[in-house]
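Biologist: I'm new to this one, so could you take me through a single part of it slowly? I'd like to look at the surroundings of the ligand and at whatever those surroundings are attached to.

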Amino acid sequence: MTAPPDLRETDRTRLRRLAARGTFDRSLVEAVLDEAYLAHVGFVVDGEPRVLPMTYGRVDDVLYLHGAAGNAMLKAASGVEVCVTVTILDGLVLARSAFHHSMNYRSVVLLGRAEKVLDPEEKTRAVDAIVEHVVPGRGAETRPSSPSELRATTVLRLRIEEGSAKVRTGDAIDEPDDVESAHWAGVVPLRLVAGAPIANGDLAPELADRSPRAERFDRTARRRDTTTTT
Ligand SMILES: Cc1cc2nc3c(=O)[nH]c(=O)nc-3n(C[C@H](O)[C@H](O)[C@H](O)COP(=O)(O)OP(=O)(O)OC[C@H]3O[C@@H](n4cnc5c(N)ncnc54)[C@H](O)[C@@H]3O)c2cc1C
């Protein structure tokens, strides 16, 4: 099977500012999607903008979103154009001047039409992918969704076709005149760290030693090289 092509550069996905930080490289886009937890899903409802945080799952070149069947957002976003953004914040960039402060990040913007998934098999695959995205291996450790739970779930499919990624890495970039000034400049790295799992209050005592290890939730283990641009 041939790999899907890079994302489509169109009038609406072409970066205008600092375009050298942008890329349409599919492997980079997928790496960001696979490492991050959250998406912000933007769409227009009754002529007004909405942006809601959601989790997601990826299967090849498809991004899945899900929620309760009664979820107003999923109803409104079904069959309409959406904009999905995913961001990993890697650091605070402290410049000598207030103006040149920045952030190191890897971000993805996806555009397209979200379609409601009707096929039960695809729906099951999508829900499994979302669970696996958040906690790899968890699908095998849990009770599978029942038919009524699946009926109570709406799943939307967005093809990963039109979009872009943007990556900022490295130092603060100051004005030449400021470089010799007495202000500190540099980067404060940031990363999301999992704490030790806390067992449910109602957990049967004999399961107490089955707590997963915190390292399992360390997303940096999923990190692939996404530093191809500067
Ligand atoms: C954590 C974080 C904080 C930021 N803070 C600011 C801020 O405070 N002020 C500010 O002006 N900018 C900020 N940015 C950058 C911002 O996301 C835009 O990249 C920037 O505003 C320039 O947009 P543009 O005019 O080039 O693109 P636009 O013309 O606005 O967008 C054109 C297309 O470029 C692509 N694109 C634009 N930005 C991104 C992106 N970040 N990731 C992937 N694709 C993108 C999209 O496909 C978009 O449709 C931040 C980015 C991140 C990730």
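Modeller: Happy to. Let's start with a pair of residues: Leu89 stands opposite Tyr105 in E7. That pair is one place to find the partnership between E6 and E7, which run antiparallel and are joined over 12 bridges. Further along, Val93 has Ser102 of E7 as its bridge partner. Keep in mind that this is a predicted model.

Now for the ligand itself. The shell around the ligand has 16 residues, and those that come nearest are Thr13, Arg17, Ser107, Val109 and Lys166. By type, the shell divides into seven nonpolar residues, five polar ones and four charged ones. Three strands each supply at least two residues of that shell: E6 (81-94), E7 (102-113) and E10 (162-168). E7 gives the largest share, with five residues.

So what are these strands paired with? E7 has E6 on its list, as we saw, and E7 also pairs with E10, in the antiparallel sense over seven bridges. For that second pairing, look at Val109, whose bridge partner in E10 is Ser164. Val109 is worth a second glance, as it is also among the residues that come nearest to the ligand.

E6 has further partners. Strand E2, residues 38-45, runs antiparallel to E6 and is joined to it by three bridges. You can pick out that pairing at Val41, which stands opposite Val84 in E6. Strand E11, residues 186-189, pairs with E6 too, again in the antiparallel sense, this time over four bridges. There, Gly91 has Pro189 of E11 as its bridge partner. As a general point while you look along these strands, side chains in a regular strand alternate between the two faces of the sheet.

The ligand's strands also take part in covering a helix. Helix H1 spans residues 26-35, and its buried residues are Leu28, Val29, Ala31, Val32 and Leu33. The elements that cover those buried residues include E6, E7 and E10, along with strand E1 (22-23), strand E4 (57-59) and strand E5 (62-68). If you follow the helix by eye, remember that an α-helix has 3.6 residues a turn, so residues three or four places apart point the same way.

Two of those H1 residues turn up again in the largest nonpolar core. That core has 35 residues, and those with the most contacts inside it include Val29 and Val32, as well as Val84, Val108, Leu63, Tyr64 and Leu156. Val84 is the residue we met opposite Val41.

E4 and E5, which help to cover H1, lead us to another sheet. This one is open and has four strands in the order E4-E5-E9-E8, with antiparallel pairing. E4 and strand E8 (115-116) stand at the edges with a single partner strand each, so one side of each has no neighbour in the sheet. Between E4 and E5 there are three bridges, and Arg58 stands opposite Leu63 in E5. Leu63 is also one of the core residues with the most contacts.

Lying across E4, E5 and strand E9 (153-159) is helix H3, residues 120-134, which runs at about 120° to E4. Tyr64 is a handy residue for seeing what comes together here. Leaving aside residues up to four places away in sequence, Tyr64 touches Tyr56, Gly57, Val59, Ala126, Ala129, Ile130, Val155, Leu156 and Arg157.

Helix H3 also holds Glu132. Is Glu132 buried, exposed or partly exposed? Glu132 counts as partly exposed, because it has 16 C-beta neighbours inside 10 Å. Setting aside residues up to four places away in sequence, Glu132 touches Gly57, Arg138 and Gly139. Its C-alpha atom is 9.4 Å from that of Arg58, although the two residues are 74 apart along the chain.

Finally, let's step back to the whole protein chain. Its secondary structure comes to four helices and 11 strands, and its C-alpha atoms fill a box of roughly 65 × 50 × 40 Å along the principal axes. Of the 230 residues, 23% are buried. Among contacts with a separation of 6 or more, 74% are between residues 24 or more positions apart.

How values were computed:
Residues numbered from 1 in each chain as written. Predicted model: local features only at pLDDT ≥ 70, side-chain atom pairs only at ≥ 80, totals over all residues. Near = placed C-beta within 6 Å. Nonpolar A, V, L, I, M, F, W, Y, C, P; charged D, E, K, R; others polar. Pairing = 2+ DSSP bridges. Buried ≥ 20, exposed ≤ 12 C-beta atoms within 10 Å, placed from the backbone. Contact = placed C-beta atoms within 7 Å. Axes fitted to C-alpha atoms, helices over the stretch in contact; angles between N-to-C directions. Core = buried A, V, L, I, M, F, W, Y, C linked by C-beta atoms within 7 Å.
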